[in-house]
Amino acid sequence: MRHSHPTSDDLQALIDAQMSLEGPLLPILHAIQEAYGHVPEAALPLIAETLNLTQAEVHGVMSFYHDFRKAPAGRHVVKLCRAEACQSMGANALSEAVLEKLGIGWGGTTADGRVTVEAVYCLGLCACAPAAMIGDRLIGRADAARIDAELEGAA
């Protein structure tokens with residue numbers, strides 16, 4: 001990952017590298033996020049101009065896909081399932097407890113940049129609800145104490 005404040009030339013180079021692809025908008029957004037950990041606001045007008053789209057169209061696509069970030073994520077990303085199966089097994093109470101303990105809201109990052117919490121709508125662990133994911137590690141039958149212990153272990 002590069003520095004988080006790319007220049008216009010840096011961004012344009014990533015945009016241009018995807019222009020030979022059919023339907024390059026998503027590959028462009030992915031390339032920029034891969035390079036910087038997020039899609040900086042400064043990228044939107046460059047993408048729009050290059051693709052002959054409005055900035056609203058680019059923003060609409062970016063905001064539709066929840067994996068694109070407007071700001072860098074914390075060192076540890078906690079994904080809490082919000083789907084019906086998990087809600088029926090206590091996901092709402094779990095998310096309230098985790099967010100309260102960390103002092104952030106959905107999509108927020110702790111002040112120290114350590115943890116970001118994101119909502120997801122299925123992790124495929126419906127039979128072991130509520131489900132969570134920390135980094136690439138899936139957690140079934142998650143509770144606030146387990147999430148806290150996993151984060152402590154992740155330092």
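The paragraphs below go through this structure from its overall layout to one group of rings and then to its largest pocket.

The model is a predicted one, and it is easiest to begin with the whole chain. The protein chain has 155 residues, and its secondary structure comes to seven helices and four strands. If you follow the sequence from its start, these elements appear in the pattern α-α-α-α-β-α-α-β-β-β-α. The C-alpha trace spans about 45 × 30 × 20 Å along its principal axes. Among the contacts that join residues at least 6 apart in sequence, 56% are between residues at least 24 apart.

The surface can be described in a similar way. About 8600 Å² of the protein chain is exposed, and carbon and sulfur atoms supply 53% of that area, while 41% of the residues count as buried.

From here we can turn to the aromatic side chains, of which the structure holds two pairs. In one of them, the ring centres of Phe 64 and Tyr 65 lie 4.9 Å apart and the ring planes stand at 90°, so this pair is edge-to-face, as planes over 60 degrees apart are counted. In the other, the rings of Tyr 65 and Phe 68 have their centres 6.3 Å apart and their planes at 85°, so this pair is edge-to-face too. Tyr 65 takes part in both pairs, and Phe 64, Tyr 65 and Phe 68 form one aromatic cluster.

How buried or exposed are the members of this cluster, beginning with Phe 64? Phe 64 has a relative accessible area of 58% and is exposed, because the cut-off for that class is over 50%. Tyr 65, with a relative accessible area of 37%, is partly exposed, whereas Phe 68 has 9% relative accessibility and therefore counts as buried, the limit being under 20%.

Phe 68 also leads us to the largest pocket, which holds about 460 Å³ of space. Of the 21 residues that line this pocket, the closest to its centre are His 66, Phe 68, Arg 69, Gly 107 and Glu 118. Helix H4, which covers residues 55-64, and strand E2, which covers residues 115-120, each supply at least two residues of the lining, and E2 gives the most, with five residues. Sorted by class, the lining of the largest pocket has 11 nonpolar, five polar and five charged residues.

Phe 68 is thus a useful residue to find in the model, since this buried side chain belongs to the aromatic cluster and is also among the residues closest to the centre of the largest pocket.

Technical notes
Residues numbered from 1 in each chain as written. Predicted model: local features only at pLDDT ≥ 70, side-chain atom pairs only at ≥ 80, totals over all residues. Heavy atoms only, no water. 1 Å grid on protein atoms, 1.4 Å probe; cavity = no way out; pocket = protein on both sides within 12 Å on 5 of 7 lines; lining within 4 Å. Points joined across faces, edges and corners; volume = space filled by probe spheres on them. Nonpolar A, V, L, I, M, F, W, Y, C, P; charged D, E, K, R; others polar. Phe/Tyr/Trp six-rings, centres within 6.5 Å; stacked < 30°, edge-to-face > 60°. Buried < 20%, exposed > 50% of the residue type's maximum accessible area, 1.4 Å probe, protein only. Contact = heavy atoms within 4.5 Å. Areas by Shrake-Rupley, 256 points an atom, 1.4 Å probe, with all protein chains shown as cover.
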